[in-house]
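Please open the structure in your viewer and keep the sequence panel visible. The tour below proceeds by selection, one stop after another.

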Amino acid sequence: MGVEIPEFSPLEEDLEVDVVIVGGGITGLTSAYVLVNEGLKVAVLEADQILNGTTGHTTAKVTAQHGLIYDEFITNFGRSTARLYYEANTDALKFIQKTVEEHQIECDFKGQDAVIYSTTDEYAQKLEKEAKAYNKIGIDGELVDQIPFKMDIKNALVMKNQAQFHPVKYLAHLVNLIKEKGGYIFEHTVAVNVEPGEKPTVLTREGKRVTGGFVLACSHFPFYEGTGFYSARLKATRSYIVAAKTKDNYPGGMYISADQPTHSLRSATSNGEEYVLIGGGNHQTGERNDTLEDYSALNIFGEQIFEVEKIHSRWSAQDLQTLDKIPYIGELTTGEPNILVATGFRKWGMTNSTVAALLFRDIILKRNNPYRDLYSPARFYAHPSLKNFFVNNAKVVKHLVQGKMEIPQKNVDEIPVGEGAVISINGHRKGAYKDEEGKVYIVDTTCTHVGCEVHWNNGEKSWDCPCHGSRFSYTGEVLEGPAEKPLQQYDFTMLDNLTSEDSGY
């Protein structure tokens with residue numbers, strides 16, 4: 001990647017600050033940056049290494065064009081709410097641009113048009129409705145009938161004056177500014193719970209405590225839910241990206257299809273070479289075993305559009321979606337006003353994370369912010385949220401029941417080298433992975449969050465939970481929350497987690 005990222009030691013002693021931030025991605029680090037600029041004493045706790053999660057693996061669009069949403073928002077919530085969402089994300093784009101210019105950050109920031117295109121009559125009509133929504137709320141955009149690729153489209157909707165950048169280069173610079181202002185950053189420090197109160201305290205797995213006037217949960221999935229029931233209000237999805245070296249130069253712009261399956265296109269530069277980033281393959285986490293097919297589908301799509309010389313790299317990302325598609329940013333619950341949360345960015349984390357940082361700052365400093373009610377986690381729109389609430393949780397019950405009823409058919413000897421599978425050992429459901437040397441790693445397949453059964457993901461070599469999106473390595477270590485504990489070797493039950501004192505769930 002070619003970016004020098006500072007390394008930080010784990011927290012080794014108890015600490016008291018003004019604000020405790022859990023999560024070292026773009027939300028947490030941007031929050032730390034704006035708060036130290038206000039003279040506040042801040043500590044960032046990162047379970048692994050900063051900039052190593054979703055922020056470090058992203059297509060890095062900086063745009064208020066978040067799919068086909070504005071017509072939907074007008075229909076469900078009204079014109080003023082749709083306009084507020086657009087303004088919030090446009091303000092975030094301007095903040096990023098201003099920060100880049102003020103500090104002369106070399107992060108490949110470049111103005112680009114954002115484009116949604118359709119290849120079917122059905123989605124062409126939806127784009128026409130979306131264009132009318134743009135007009136209603138004053139978005140600078142237009143419908144066009146061509147894009148500069150070898151594909152037949154019906155129409156395309158352009159949102160002008162958007163941007164792209166390299167988020168790790170941007171944030172690495174902010175990290176240095178946070179250090180200069182006296183901010184603390186601790187890596188390999190796992191936050192597991194919060195003691196609420198006038199000055200809430202974050203408890204770490206290693207037994208250390210960090211107390212502050214405010215706690216910000218910026219950990220992708222909230223590391224602490226309190227009574228907010230975020231597990232029931234968020235859906236985890238995975239998507240895939242390949243970086244392709246193409247014979248012809250990329251024509252510019254950032255493109256995403258309205259049709260399913262979704263495909264996205266934009267460019268990126270690495271070590272002086274231009275690559276085309278081809279994205280897509282969206283599905284709910286844990287509901288596909290053969291994720292290698294998703295990468296293969298992207299390769300095929302790329303070959304149809306470009307003359308691909310080689311695939312340089314590939315990766316995946318996990319995203320969370322709220323019930324109504326608007327992120328949850330603000331007080332964790334009405335009874336815990338000094339514990340704040342930001343989650344559910346639905347793939348559009350570059351702007352929404354910046355919205356979160358600016359909103360956190362204003363809440364902490366008791367300033368007015370026009371977007372506070374829009375993003376409030378306490379909101380509950382009867383339509384469509386109520387329907388989605390029951391659908392999502394019916395799926396959880398289904399997975400809980402089906403997973404427990406499944407009878408594994410394979411045994412260890414049948415597992416190919418480099419693969420994993422669910423097997424039966426003495427009548428108990430277990431997960432097994434066989435490495436390249438033939439060594440076998442056994443884990444219990446019960447997710448340590450609420451007890452659903454994990455599935456093997458062959459593309460990522462991981463165990464993924466279909467209920468709330470927790471992911472584990474083949475050795476059982478946590479890769480993605482909300483689970484906080486690794487998969488066990490013994491027979492794990494949901495009660496083990498609910499009765500644990502060092503859990504935020």
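Begin by selecting strand β14, residues 254–257, in this predicted model. Both of its faces are covered. Met254 and Ile256 are buried on one side, and Tyr255 and Ser257 are buried on the other.

Keep β14 on display and add strand β5, residues 110–118. The two strands run parallel and are joined by four bridges. To see one of these pairings, highlight isoleucine 116, whose bridge partner in β14 is isoleucine 256. Next add strand β15, residues 263–270, which runs antiparallel to β14 and is joined to it by two bridges. Here tyrosine 255 has leucine 265 of β15 as its bridge partner. A hairpin of five residues leads from β14 to β15. In general, the strands of a sheet pair through backbone hydrogen bonds, and the pairing may be parallel or antiparallel.

Now select helix α4, residues 121–137. How far apart are its end C-alpha atoms? They are 25 Å apart; 17 residues at 1.5 Å a residue should span 24 Å, so the two values agree. Colour the buried residues of α4, among them Tyr123, Leu127, Tyr134 and Ile137. Turn the view to look down the helix axis: the buried residues fall within an arc of 165°, so they line one face of α4. The face turned away from this buried side carries Gln125, Lys132 and Asn135, which are exposed.

What do the buried residues of α4 pack against? Show helices α2 (70–77) and α3 (79–103) together with strands β5, β6 (141–144) and β7 (155–164): the buried residues pack against these elements. Strand β5 is already on display as a partner of β14. Just after α4, select glycine 138, whose phi is positive, near 80°.

Tyr134, one of the buried residues of α4, leads to the aromatic rings. Select it along with Tyr70, Phe73, Phe77, Tyr85, Tyr86 and Tyr375: ring pairs link these residues into a cluster. The structure holds 19 aromatic pairs. One of them joins phenylalanine 223 and tyrosine 224, with ring centres 6.4 Å apart and planes at 45°, so the pair is tilted. Both phenylalanine 223 and tyrosine 224 are buried.

For another geometry, select tyrosine 230 and tyrosine 328, an edge-to-face pair with 5.8 Å between the centres and 75° between the planes. Tyrosine 230 belongs to helix α6 (residues 230–233) and tyrosine 328 to strand β18 (residues 328–331), so the pair ties together parts that are 98 residues apart in sequence. Are these two residues buried or exposed? Tyrosine 230 is buried, with a relative accessible area of 0%, and tyrosine 328 counts as buried at 2%.

Remain at tyrosine 230 and add arginine 233, whose charged end sits over the tyrosine ring, 4.6 Å from its centre. Then move to tyrosine 295, where arginine 314 lies over the face of the ring at 4.4 Å from the centre.

The last stop is an open sheet of four strands in the order β1-β11-β10-β9, with mixed pairing. Its edge strands are β1 (15–16) and β9 (191–195), each of which pairs on one side only. Within the sheet, select β10 (residues 201–204) and β11 (residues 209–211), which run antiparallel and are joined by three bridges. Finally, highlight leucine 203 with its bridge partner in β11, arginine 209.

Terms used: Residues are numbered from 1 along each chain as its sequence is written. This is a predicted model: local features need pLDDT of at least 70, side-chain atom pairs count only at pLDDT 80 or more; totals for chains, interfaces and linings use all residues. Side-chain values use heavy atoms; hydrogens and water are left out. Two strands pair if DSSP finds at least two bridges between them. Rings of Phe, Tyr and Trp (its six-membered ring) pair if their centres lie within 6.5 Å; planes under 30 degrees apart count as stacked, over 60 as edge-to-face and the rest as tilted. Buried means under 20% relative accessible area, exposed over 50%, partly exposed in between (1.4 Å probe, protein chains only). A charge sits over a ring if NZ of Lys or CZ of Arg is within 6 Å of the ring centre and within 35 degrees of the ring normal. The expected span of a helix is 1.5 Å times one less than its number of residues. The arc is that of the directions from the helix axis to the C-beta atoms. Contact means heavy atoms within 4.5 Å.
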